[in-house]
Amino acid sequence: MTQSLTIARPDDWHLHLRDGAMLQAVLPETARHFQRAIIMPNLVPPVVTGAQAKAYKDRIMAALPDGMSFDPLMVLYLTEDTDPEDVAAAHASGLVKAVKLYPAGATTNSASGVKDFDKVRPVLDKMAEIGLNLCIHGEVTNHEVDIFDREAVFIETVLDPIRKANPDLKVVMEHITTKDGVDYAKSNEKNLSATITTHHLIINRNHILAGGIKPHYYCLPVAKRENHRLALVEAATSGDKRFFLGTDSAPHVDPAKESGCGCAGCFTATNTMALLAHVFEEEGALDKLEGFASLNGPAHYGLPVNQDKITLVKSDKPTVFPAKIESGDGPVTVFDPGYPVYWDVK
Ligand code: DOR
Ligand code: ZN
């Protein structure tokens with residue numbers, strides 16, 4: 001028996017497209033199903049200025065295959081030297097939809113991120129004034145803090161003070177991985193939302209570490225205990241408008257993942273919508289998938305919902321996803337949920 005679900009075309013509110021040969025390989029994987037995506041600026045060197053964002057957007061559009069339609073929503077990488085006027089101009093021109101705060105050293109290519117949060121206060125004040133969104137990688141980088149506690153400690157010691165100092169600033173807590181993150185997002189009435197990745201709805205830390213180390217499940221923030229995964233699933237499937245999809249699909253070539261010091265990132269662009277249909281169906285919440293993937297994000301960003309639709313279809317045979325996609329830089333492993341999935345996008 002076939003079952004199908006038609007929803008407004010989804011958007012990805014947190015995506016890594018990289019550059020060059022990797023961009024060429026991964027962009028169609030997202031553009032096939034998604035209309036828009038918030039494009040992470042952690043290139044080397046990072047996308048800091050409006051001019052750099054414009055040049056990166058041009059490279060993305062040049063890499064888009066003929067016949068595909070896709071709108072990259074550009075993001076500036078916040079540094080302690082970011083000029084508030086450059087940010088305001090990039091926003092006023094319509095180019096930039098968010099600024100990204102990486103605590104220095106938190107993750108891949110975050111060395112130019114923020115060490116002293118007081119130094120970025122003028123930029124945050126300007127953003128609050130003009131209504132520009134701040135996307136936050138919410139982990140402290142302090143080596144004394146256990147990696148599994150870094151999100152909760154960040155919320156208490158960095159995020160809450162930033163928001164108290166600047167209640168008008170619009171914030172997205174990105175890729176939350178804990179019940180603490182869910183509870184904090186829920187405790188706030190306005191100007192705060194959270195994205196959740198596909199993989200954090202599926203794996204907990206056992207999937208990474210038990211029965212042999214699985215480098216393709218390693219990402220940052222690292223997946224936590226099962227009770228946290230369950231809190232994320234509850235939030236995503238609840239219909240609460242403060243939660244929406246940001247895949248954090250983050251391609252690295254296999255040798256960089258399968259290494260003595262493997263890179264963080266799960267590549268989920270190819271099968272995200274099918275996996276989400278599986279997760280939402282398991283929760284009896286297929287009717288909430290459109291909100292999570294297609295409605296709540298535009299509402300937070302003040303953007304229209306996409307007019308196009310996509311249809312998800314469930315069949316009685318497991319869907320065969322490619323195990324890898326090839327890039328000019330090498331193969332990239334597609335996230336494997338570890339169980340059969342019967343959904344696919346038509
Ligand atoms: O797992 C991750 N990979 N988390 C991040 O925050 C960065 C990303 C990347 O760029 O590879
Ligand atoms: Zn990311």
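Pro221 sits in the loop that runs between helix H7 (205–209) and helix H8 (226–237). The model described here is predicted. In it, the peptide bond leading from Leu220 into Pro221 is cis, with omega near -5 degrees. A cis bond also joins Val44 and Pro45, where omega is about -5 degrees. Pro45 belongs to the loop between strand E3 (36–39) and helix H2 (50–63).

Backbone angles stand out at two further sites. Most residues other than glycine have a negative phi, and most peptide bonds are trans. His175 has a positive phi, near 35 degrees, and is not a glycine. Its place is the loop between strand E7 (171–173) and helix H6 (179–186). His175 counts as buried because its relative accessibility is 2%, under the 20% limit. Asp248 also has a positive phi, of about 55 degrees, although it is not a glycine. Asp248 lies in the loop between strand E9 (243–245) and helix H9 (254–257). At 6% relative accessibility, Asp248 is buried.

Asp248 also takes part in metal binding. The zinc ion (ligand 2) is coordinated by His14 (NE2), His16 (NE2) and Asp248 (OD), at 2.1 Å. In sequence, these donor residues follow the spacing H-x1-H-x231-D. His16 lies in the loop between strand E2 (12–15) and helix H1 (20–31), and Asp248 in the loop between E9 and H9, so the pair ties together parts that are 232 residues apart in sequence. His16 has a relative accessible area of 8% and is therefore buried.

The interior was then examined for enclosed space. The structure holds 5 cavities of 30 Å³ or more. The largest cavity contains about 120 Å³ of space. Its lining is made up of 17 residues, and the closest to its centre are His16, Thr107, Thr108, Leu220 and Asp248. Two of the names in this group, His16 and Asp248, are zinc donors. Leu220 is the residue that precedes the cis bond to Pro221. By class, the lining of this cavity has 5 nonpolar, 9 polar and 3 charged residues.

Open pockets were considered next. The largest pocket has a volume of about 230 Å³. It is lined by 14 residues, with Ile208, Leu209, Ile213, Pro215 and Tyr218 nearest its centre. The lining divides into 9 nonpolar, 3 polar and 2 charged residues. The second largest pocket has a volume of about 190 Å³. Its lining holds 13 residues, of which Leu201, Ile202, Arg229, Val279 and Tyr339 lie nearest the centre. Helices H8 and H10 are the elements that give two or more residues to this lining. Here the classes are 7 nonpolar, 3 polar and 3 charged.

Helix H10 (residues 272–282) also includes Thr272. Thr272 counts as buried because its relative accessible area is 0%. A polar contact of 3.2 Å links its side chain to that of Thr198. Beyond neighbours within four places in sequence, Thr272 is in contact with Phe34, Thr198, Leu245 and Thr247. Thr198 thus appears both as a contact and as the polar partner of Thr272. Of the other contacts, Leu245 falls in strand E9 (243–245).

Methods. Residues are numbered from 1 along each chain as its sequence is written. Chains are lettered from A and ligands numbered from 1 in the order in which they are written. This is a predicted model: local features need pLDDT of at least 70, side-chain atom pairs count only at pLDDT 80 or more; totals for chains, interfaces and linings use all residues. Side-chain values use heavy atoms; hydrogens and water are left out. Helices (H or I, at least four residues) and strands (E, at least two) are DSSP runs, numbered from the N terminus. Buried means under 20% relative accessible area, exposed over 50%, partly exposed in between (1.4 Å probe, protein chains only). A polar contact is a pair of N or O atoms within 3.5 Å; within protein, one must be able to donate a hydrogen and the other to accept it, and residues adjacent in sequence count only if both atoms are side-chain atoms. Contact means heavy atoms within 4.5 Å. On a 1 Å grid over the protein atoms alone, a cavity is a set of points where a 1.4 Å probe fits but cannot get out, and a pocket is an open set with protein on both sides within 12 Å along at least five of seven lines; lining residues have an atom within 4 Å of a point. Grid points are joined across faces, edges and corners, and a volume is the space filled by probe spheres set on the points. Ala, Val, Leu, Ile, Met, Phe, Trp, Tyr, Cys and Pro count as nonpolar, Asp, Glu, Lys and Arg as charged, and the others, Gly among them, as polar. Donors are N, O and S atoms within 2.8 Å of the metal (3.2 Å for Na, K and Ca); water is not among the atoms, so sites may look incomplete.
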